[in-house]
Amino acid sequence: MNAHLGIGSTVMEFAAARGHEHGVSGYAYHTVPVALFAWLRHPTDFRAAVTHTIALGGDADTVGAITGAICGARVGAAGVPTEWIDGIVDTPRSVSWLRRLAERLTDGGAPLGLAWPLILPRNLLFLVVVLGHGFRRLFPPY
C-alpha cells in the first residue's frame, strides 16, 4: 500500500494491482485494503474517496460504505457533500432527526424516539419494491 501511495497510484490502479480490475468483492480482505487506500489517497476529500471506490464496481455498496465511514470520521459532517445529505429520505428518520440524535448522543443523552407507527408501512413498501424487483429479474431481458 505504501508503495502505491508513494508513486501516486489511483484507487483504480491500486485495486487492479490487487487483482480487482473487474470490481472488488465483499470479502473483508478485499474491501478493507481498498477502502483504506482510498482514504489515505484522499484523506480530506470525502466525495473523491467514496466515488473512486464505487467506480471500481463489484460489491460497490460495501466498499463505498466502509470508505465513507472511515472518511466521514476524518472529515466530519461538514466534509460530506450537502447534496448527498439533502437526498436522504428514510421515513420515519430525517436528516434533522439524525442531527438531533447525534447532538444528543454526543452530549451523553438518551437516544431519541421514533414515530414507530410509520416503520411498519415503510417496511411493507420496501418489501413490495424489493420483491417486485426480484420477480421482475426472473423475466427477459435479464
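**Notes on the salt bridges**

1. Starting with Glu83: its side chain pairs with Arg47 in a salt bridge, and the closest N and O atoms sit 2.4 Å apart. Glu83 belongs to helix α6 (residues 82–86) and Arg47 to helix α4 (residues 46–54), so this contact ties together parts that are 36 residues apart in sequence. Keep in mind that we're looking at a predicted model.

2. How exposed are the two partners? Glu83 comes out as partly exposed, at 44% relative accessibility. Arg47 is partly exposed as well, with a relative accessible area of 35%.

3. A search of the whole structure turns up 3 salt bridges, so what about Asp90, given that a salt bridge needs a side-chain nitrogen of Lys or Arg within 4 Å of a carboxyl oxygen of Asp or Glu? Asp90 meets Arg93 at 3.6 Å, N to O, and that value falls within the 4 Å cut-off.

4. Asp90 also bridges to Arg122, with the closest N and O atoms 2.5 Å apart. Here Asp90 sits in the loop between α6 and α7 (95–106) while Arg122 is in helix α8 (residues 119–136), so the pair ties together parts that are 32 residues apart in sequence.

5. Taken as a group, Asp90, Arg93 and Arg122 are linked in a network of salt bridges. On accessibility, Asp90 is partly exposed with a relative accessible area of 24%, and Arg93 is partly exposed with 28%. Buried would mean under 20%, so Asp90 at 24% counts as partly exposed.

Key. Residues are numbered from 1 along each chain as its sequence is written. This is a predicted model: local features need pLDDT of at least 70, side-chain atom pairs count only at pLDDT 80 or more; totals for chains, interfaces and linings use all residues. Side-chain values use heavy atoms; hydrogens and water are left out. Helices (H or I, at least four residues) and strands (E, at least two) are DSSP runs, numbered from the N terminus. Buried means under 20% relative accessible area, exposed over 50%, partly exposed in between (1.4 Å probe, protein chains only).
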